[in-house]
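Subject: A structure for you to look at

Hi,

Here is the structure I promised to pass on to you. Please open it next to this email and keep the viewer handy while you read.

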Amino acid sequence: TNIASVDTNETGSSSDDATTNIAKLTITKTADVTSVDGAGDVITYTIVVANAGSQTLTGVVLTDEFATASYVGGDLDSDNQLDVGESWTYTASHTVTQAEMNAGTTITNVASVDTNETGSSSDDATTNIAKLTITKTADVTSVDGAGDVINYTIVVSNTGSQTLTGVVLTDEFASATLFSGDLDSDNQLDVGESWTYTASHTVTQAEMNAGLTLTNIASVDTNETGSSSDDATTNIAKLTITKTADVTSVDGAGD
């Protein structure tokens, strides 16, 4: 409201005002989860559009990058106008793709709203990718006797955009020992960190007798992800020899 006043030598002051409404539109978008850990996970968004000014807003159009937003409620007098003080709520959802998981970056989804009386306003919601990988290797490709030792190296990496906590590594043959990688010693697998573990297994006579490959699986789990596994296979090098004679006895020199 702007007031103008006039005065003269012969009169008192007179005033008048002119009022201009403020057309003000706000939008807030939130996701129901902070991170996802697999393709097929669904992120549900809540979008709130509000008239924070003093001008009724008409022709409200909401657009969403990932999905068609559905109106939930808020138009109290059902006049299809965003009245002063009203807030309209919408929902939208997005199913995480394998390509997004492979990329390992954040998923940022933008919603925009426009009206006849305002410019466009936007807000986004960001969801992290919780992604865990594991690689296990053996230091030999084969063993040839009981008592041989196979040394394993296990590398666990955070290839997503979410810090991973509660890291638990299990190994079929032996207790794995953390060797290196927790750069800030916070016991959290930070984004981009790779932790290296070592484990060893002594070949048994029963394994040699079986003559099969030795396949050892390591698995890792965190609070933010499902379990991931990898194996390392070592061959058994086993040689046998059998000798037979064509007779069971002889009875003279020269036989």
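Below is what was found in it, starting with a sheet and moving on to some aromatic rings. Please keep in mind that this is a predicted model.

**The sheet**

Four strands make up an open sheet, and their order is β3-β5-β8-β7. The pairing between them is antiparallel. At the edges you will find β3, which covers 25-31, and β7. Each of these two has a single partner strand, so one of its sides has no neighbour in the sheet. Going from one strand to the next, the twist averages 25°.

Have a look at β3 and its partner too. Strand β5 spans residues 42-51, and seven bridges join β3 to it. One position to find there is K29, which stands opposite I47 in β5.

**The aromatic rings**

A pair of aromatic rings is described by how far apart the centres are and by the angle of the planes. How many aromatic pairs are there in this model? The count comes to two.

In one of them, Y71 meets W88 edge-to-face, with 5.9 Å from centre to centre and 75° between the planes. Y71 belongs to strand β7 (residues 70-73) and W88 to strand β8 (residues 87-95), so this pair ties together parts that lie 17 residues apart in sequence.

Y71 also pairs with Y90: the ring centres are 5.8 Å apart and the planes stand at 70°. Planes over 60 degrees apart count as edge-to-face, so this pair is edge-to-face as well. Here, too, distant parts of the chain are linked, since Y71 is in strand β7 and Y90 is in strand β8, 19 residues away. Together, Y71, W88 and Y90 form one aromatic cluster.

Which of these residues are buried, and which are partly exposed? The cut-off for buried is under 20% relative accessible area. W88 has a relative accessible area of 4%, so W88 is buried. Y90 is at 9% and therefore counts as buried too. Y71, with 41%, is partly exposed.

**Charges over rings**

Now go back to K29, the residue opposite I47. The charged end of K29 sits over the ring of Y45, at 4.2 Å from the ring centre. You can find another such arrangement at K136, whose charged end sits over the ring of Y152, 4.2 Å from its centre.

Enjoy exploring, and write back with any questions!

Best wishes

Methods
Residues are numbered from 1 along each chain as its sequence is written. This is a predicted model: local features need pLDDT of at least 70, side-chain atom pairs count only at pLDDT 80 or more; totals for chains, interfaces and linings use all residues. Side-chain values use heavy atoms; hydrogens and water are left out. Rings of Phe, Tyr and Trp (its six-membered ring) pair if their centres lie within 6.5 Å; planes under 30 degrees apart count as stacked, over 60 as edge-to-face and the rest as tilted. Buried means under 20% relative accessible area, exposed over 50%, partly exposed in between (1.4 Å probe, protein chains only). A charge sits over a ring if NZ of Lys or CZ of Arg is within 6 Å of the ring centre and within 35 degrees of the ring normal. Two strands pair if DSSP finds at least two bridges between them. Axes are lines fitted to C-alpha atoms, for helices over the stretch in contact, and angles run from 0 to 180 degrees between N-to-C directions.
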